[in-house]
Amino acid sequence: MCIAAMLYMKIDILTIFPSMFNGPLTESLIGRALRSGILEIETVDIRSFSKDKHLKVDDKPFGGGPGMVMKVGPLLDAITSVGVRRKNKSYKNFHSKPYVIYMSPQGKKLDTAMVKELSKFKHLVILCGHYEGVDERIINYVDCEVSIGDYVLTGGEIPAMVLIDSVARMLPGVVKKEKSVKNDSFYNGMLDYPHYTRPAIFKRYSVPNVLLSGNHKEIQKWREEQSAKRTRERRPDLIKDVLE
Ligand code: ADE
């Protein structure tokens with residue numbers, strides 16, 4: 001008997017490169033979540049909303065300058081095509097309303113707190129920009145601008161994949177052992193502890209003795225110490241955040 005899994009989240013990706021998403025989101029845990037029905041992802045080609053005979057969706061910037069700007073019309077048509085209605089008040093609660101995200105280096109930086117918050121939504125709509133950016137007026141139809149870090153990529157597609165992967169891991173059933181999500185780096189504001197598997201001795205490197213002791217209390221204590229040590233050494237800024 002096949003028991004259908006509960007759909008936890010629908011994600012619509014608005015892009016001019018839909019085929020970029022084929023590999024990364026159809027393999028591994030995300031691929032399994034898609035096949036089991038926990039997650040649904042669709043891509044929408046922004047070019048299909050072009051009014052131009054050459055399917056152009058960009059134009060020269062007003063005021064001059066280098067590069068091209070994505071036109072507001074096709075972007076808004078793409079957003080509304082996936083069911084986003086600005087003034088629709090019929091949603092049961094905040095998290096059931098489609099939440100529109102624009103991937104942009106000018107956005108709020110993605111972190112675990114944001115990932116956890118985004119994983120509560122039932123429907124995410126992710127807009128991927130290109131060229132020099134999008135016509136700023138589209139921001140009136142966007143709920144949140146998100147950056148994946150202080151560097152600029154050629155488009156919003158790879159950042160969208162990063163966001164989707166991190167959010168999907170939080171959905172129940174995507175990562176089989178929920179405990180492993182809770183042990184992740186950053187989940188509790190700390191870096192993860194080191195992991196080892198067989199063989200116990202590899203060349204001149206052996207696994208810490210405590211992990212072979214079978215003493216679960218000691219193992220837990222060692223892991224917490226390692227986690228704290230790594231965080232202190234590598235990311236003291238995180239310790240400050242935990243204490244604040
Ligand atoms: N598009 C280009 N660079 C980006 C970044 N760093 N984060 C999100 N979207 C982007």
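**Salt bridges and the sheet in a predicted model**

Q: In this predicted model, what makes the contact between Lys120 and Glu117 a salt bridge?
A: The closest N and O atoms of Lys120 and Glu117 are 2.9 Å apart. A salt bridge requires a side-chain nitrogen of Lys or Arg within 4 Å of a carboxyl oxygen of Asp or Glu, so the pair qualifies.

Q: Why is Lys120 called partly exposed?
A: The relative accessibility of Lys120 is 44%. Buried means under 20% and exposed means over 50%, so a residue in between is partly exposed. Glu117, with a relative accessible area of 35%, is also partly exposed.

Q: Is Asp135 buried or exposed, and how do you know?
A: Asp135 has a relative accessible area of 16%. The limit for a buried residue is under 20%, so Asp135 counts as buried. Its salt-bridge partner Arg137, with N and O atoms 2.6 Å apart, is partly exposed at 47%.

Q: Why does the salt bridge of Lys71 and Asp59 tie together parts that are apart in sequence?
A: Lys71 lies in the loop between strand E4 and helix H3, whereas Asp59 belongs to strand E3, so the pair joins parts twelve residues apart in sequence. The N to O distance is 3.8 Å, and the limit is 4 Å, so this pair also qualifies.

Q: How do you know that strands E5 and E6 pair?
A: Five bridges join E5 to E6, and the two strands run parallel. Pairing requires at least two bridges, so the condition is met.

Q: What makes E2 and E7 edge strands?
A: The open sheet has the order E2-E1-E6-E5-E7. E2 and E7 each pair on one side only.

Note on methods
Residues numbered from 1 in each chain as written. Predicted model: local features only at pLDDT ≥ 70, side-chain atom pairs only at ≥ 80, totals over all residues. Heavy atoms only, no water. Helix = DSSP H or I, 4+ residues; strand = E, 2+ residues; numbered from the N terminus. Buried < 20%, exposed > 50% of the residue type's maximum accessible area, 1.4 Å probe, protein only.
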